[in-house]
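Me: I'd like to learn how to read a structure feature by feature. Could you walk me through one?

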Amino acid sequence: MVDIDKYAGFCFGVTKAITSAENELSEFGSASCLGKIVHNQKEEIRLEKLGLRTIDKNEMFANPPSRMLIRAHGEPPSTYNEAKRLGIEIIDETCPVVLKLQGLIAKTYRENPDRTIVIFGKKGHAEVNGLVGQTDGKAIVVSSLEEAEKLNINGKIVLFSQTTADFQMYGQVAEILKNRHSDVEVHETVCGSVKNRVPRLKEFCANYDVVIFVSDEASSNGRMLYEVCRATNSRSYFVIDADDLQAEWFEGVSSVGISGATSTPSWLLEDVRSKCCKIMGDKI
Ligand code: SF4
């Protein structure tokens, strides 16, 4: 038995951005996206073959495209201003969940200049850069419990998280800050698409002899969700694609569950499933 987790695969934010890129490609034959449209190299390659070009800020300035996609992670306000100055038409595919968080942070910053905004997330991550940009670069980014322990802030703190952050660790960061500071306002900003996956994934992993988790190494939620698999089922393996599968993982195994990150395309999960069936079939 080889099953794919029904909750695995693209979240709605990534689906929306990729659908928009596909629409651009079918209408214009090519499209430019600022940064990688999804943290999955296999899907990137598929879209590149259809004509999608990934550009960075340097390329945007050096050779401005006429139209440019902004991916689900979003961008800081400065990117929109620069694009406008360069005459670039923006196709904004910032995920609505990220857009809402950007708005909340911008409002907090605008209305409470005396408060310190702290964001729990991965330093340098595109979404986090977009969030920090709402505060003119003044928000403090905390990436670990150790960094939270070292914070020493006077006055009120307002805490937010990256939408794909590990929500359990976010809770711990909130506790650390509350223990060390008298006035901390905590906003629950981990995305439901990631948060809800955790209990469902635990339940899924417990039902199989072996779990195969498919993700790109660059995916933040992929790393976090794989740790959930490993904690629930010790025979969990992380693969980028079907080529990573090893026959010895399947020895004496009668059931395999396949899951993936919110950035793992369904076609890749199906590919992995076919190869698993082939390996299992060889052995049965
Ligand atoms: S994980 Fe959530 S916030 Fe991130 S793109 Fe998907 S739906 Fe949007």
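Me: Let's begin with domains. Which residues does the domain assignment give to domain 1, domain 2 and domain 3?

Reply: Keep in mind that this is a predicted model. The assignment gives 2–8 + 194–283 as domain 1, 12–96 as domain 2 and 113–190 as domain 3. Notice that domain 1 is written as two segments, 2–8 and 194–283.

Me: How many residues of domain 1 are in contact with domain 3?

Reply: As a general idea, the size of an interface is often given as the accessible area lost when the parts come together. Here, let's count residues instead: five from domain 1 are in contact with six from domain 3. Looking at the domain 1 side, helix 9 and helix 11 (220–232) each supply at least two residues. Helix 11 has the largest share, three residues. By character, that side divides into two nonpolar, two polar and one charged. As for the centres of domain 1 and domain 3, taken over C-alpha atoms, they are separated by 31 Å.

Me: Now the sheet. What is the order of its four strands?

Reply: In general, strands of a sheet pair through backbone hydrogen bonds, either parallel or antiparallel. In this model the sheet is open, its order is 3-2-4-5, and the pairing is parallel. Strand 3 (52–55) and strand 5 (89–92) are the edge strands, each pairing on one side only. From one strand to the next, the twist averages 35°.

Me: How many bridges join strand 2 to strand 3?

Reply: Four, with strand 2 (residues 31–34) running parallel to strand 3. To find the register, start at A31: L52 in strand 3 stands opposite.

Me: And are the residues on the two faces of strand 2 buried or exposed?

Reply: Buried, on both faces. A31 and C33 lie on one side, S32 and L34 on the other, and both faces are covered.

Me: Last one, the ligand. Which residues come nearest to it?

Reply: There are 14 residues around the ligand, and C11, G13, C95, V97 and C191 come nearest. Next, ask which elements build that shell. Helix 1 (12–28), helix 5 (96–111) and helix 9 (192–195) each supply at least two residues, and helix 1 gives the most, three. Helix 9 is worth a second look: this helix contributes to the shell around the ligand and also to the side of domain 1 that touches domain 3.

Me: How many residues of that shell are nonpolar, polar and charged?

Reply: Nine are nonpolar and five are polar, with no charged residues in the shell.

Note on methods. Residues numbered from 1 in each chain as written. Predicted model: local features only at pLDDT ≥ 70, side-chain atom pairs only at ≥ 80, totals over all residues. Near = placed C-beta within 6 Å. Nonpolar A, V, L, I, M, F, W, Y, C, P; charged D, E, K, R; others polar. Pairing = 2+ DSSP bridges. Axes fitted to C-alpha atoms, helices over the stretch in contact; angles between N-to-C directions. Domains from an automatic or database assignment. Contact = placed C-beta atoms within 7 Å. Buried ≥ 20, exposed ≤ 12 C-beta atoms within 10 Å, placed from the backbone.
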